[in-house]
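Trainee: Please take me through one part of this model in detail: the sheet and the strand at its heart. I would be grateful for a connected account that also relates this part to its surroundings.

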Amino acid sequence: MLERLAGDKIKPGSRVLIKPNMLCAARPEDAVLTHPSLIRAVVEYVLQKGVRPQVSDSPAIGSFTKIIKNNGTADALQDLDVVCVPFKDVVKVDIGKPYGRIEIARDAVEADIIINLPKLKTHKQMLLTLAVKNMFGCIVGFKKSQWHMRAGVDTVAFARLLVAIHQAVLPTVSILDGILDWKARGRARRDIPDKSAF
């Protein structure tokens, strides 16, 4: 699938950014973050094309390093030649009215190829998060919560902001992760003590 959609675009020396959803600390069985197996498969594909990819996000809550460790992504990628770092530096990008110039992660703006790996899940404000909202993770650090406060009070305004950011960053390809790890979920549930025992 990746070969058909983006294979001819990944050339030697290309800056390839893989953008998973690393919102907060969660386990794969929680189905909140992009599953480590999908991230690994995409990293392996990019490496086969002769390019060293970068995996990055800007979590809303917690440290990127802790999140990829708890999520299993650090273990999944440990034997691969990949850069795994949070977004830090920003550049101002004009996303149009009424927002104007806003700060977006430099790594996203300057990437030649962006492989967007959103997680299929529900969302309090937008009802459902898909490929478009995952690009909101290119807003770095506390700026994300500021935009939630500024535009998030109006669903239509927030939706327009998300679309404007997505268009400014413009991922090359998006693969929506709908993985549910039922075996792991079952193990996790069995580990929860029976409340009637307390």
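Mentor: The strands β3-β2-β1-β6-β9, in that order, make an open sheet of five strands with parallel pairing. Its edge strands are β3 (83–84) and β9, each of which pairs on one side only. The model is a predicted one, in which local features need pLDDT of at least 70 and side-chain atom pairs count only at pLDDT 80 or more, whereas totals for chains, interfaces and linings use all residues. Residues are numbered from 1 along each chain as its sequence is written, and side-chain values use heavy atoms, with hydrogens and water left out.

Two terms are needed at once. Strands (E, at least two residues) and helices (H or I, at least four) are DSSP runs numbered from the N terminus, and two strands pair if DSSP finds at least two bridges between them. In general, the strands of a sheet pair through backbone hydrogen bonds, either parallel or antiparallel.

Let us now follow the pairings through the sheet. Strand β1 (residues 16–20) joins β2 (residues 54–55) in the parallel sense over two bridges, and Ile18 has Val55 of β2 as its bridge partner. β1 also pairs with β6, again in the parallel sense, over five bridges; here Leu17 stands opposite Ile114 in β6. β6 in turn runs parallel to β9 (residues 173–174), with two bridges joining them, and Ile115 stands opposite Val173 in β9.

The strand to examine closely is β6, residues 113–117. Because five of its five residues are buried, β6 is largely enclosed by the rest of the structure. The term buried means under 20% relative accessible area, exposed means over 50%, and partly exposed lies in between (1.4 Å probe, protein chains only). Both faces of β6 are covered, with Ile113, Ile115 and Leu117 buried on one side and Ile114 and Asn116 buried on the other. For comparison, 46% of the 198 residues of the chain count as buried.

A residue of the neighbouring strand shows how β6 is surrounded. Lys19 has its place in β1 and counts as buried because its relative accessibility is 1%. Leaving aside residues up to four places away in sequence, Lys19 touches Ile114, Ile115, Asn116 and Leu117, and its other partners include Ser56, Asp57, Phe87 and Asn134. Contact here means heavy atoms within 4.5 Å. A polar atom of the Lys19 side chain lies 2.9 Å from the backbone oxygen of Asn134. Such a polar contact is a pair of N or O atoms within 3.5 Å; within protein, one must be able to donate a hydrogen and the other to accept it, and residues adjacent in sequence count only if both atoms are side-chain atoms.

Two loops leading from or to strands of the sheet deserve attention. Ala31 lies in the loop between β1 and α2 (36–48); its phi is near 55°, a positive value in a residue other than glycine. Because its relative accessibility is 15%, Ala31 counts as buried. Leu170, in the loop between α8 (155–169) and β9, also has a positive phi, about 50°, although it is not a glycine. At 55% relative accessibility, however, Leu170 counts as exposed.

Beyond this sheet, β4 (90–94) and β5 (101–105) have Pro98 in the loop between them. These two strands pair in the antiparallel sense over five bridges, and Val90 has Ala105 of β5 as its bridge partner. They form a hairpin with six residues between them, and Gly96 in the turn has a positive phi of about 90°. The peptide bond joining Lys97 and Pro98 is cis, with omega about 0°.

Finally, consider the chain as a whole. The chain contains nine helices and nine strands. Of its contacts with a separation of 6 or more, 73% are between residues 24 or more positions apart.
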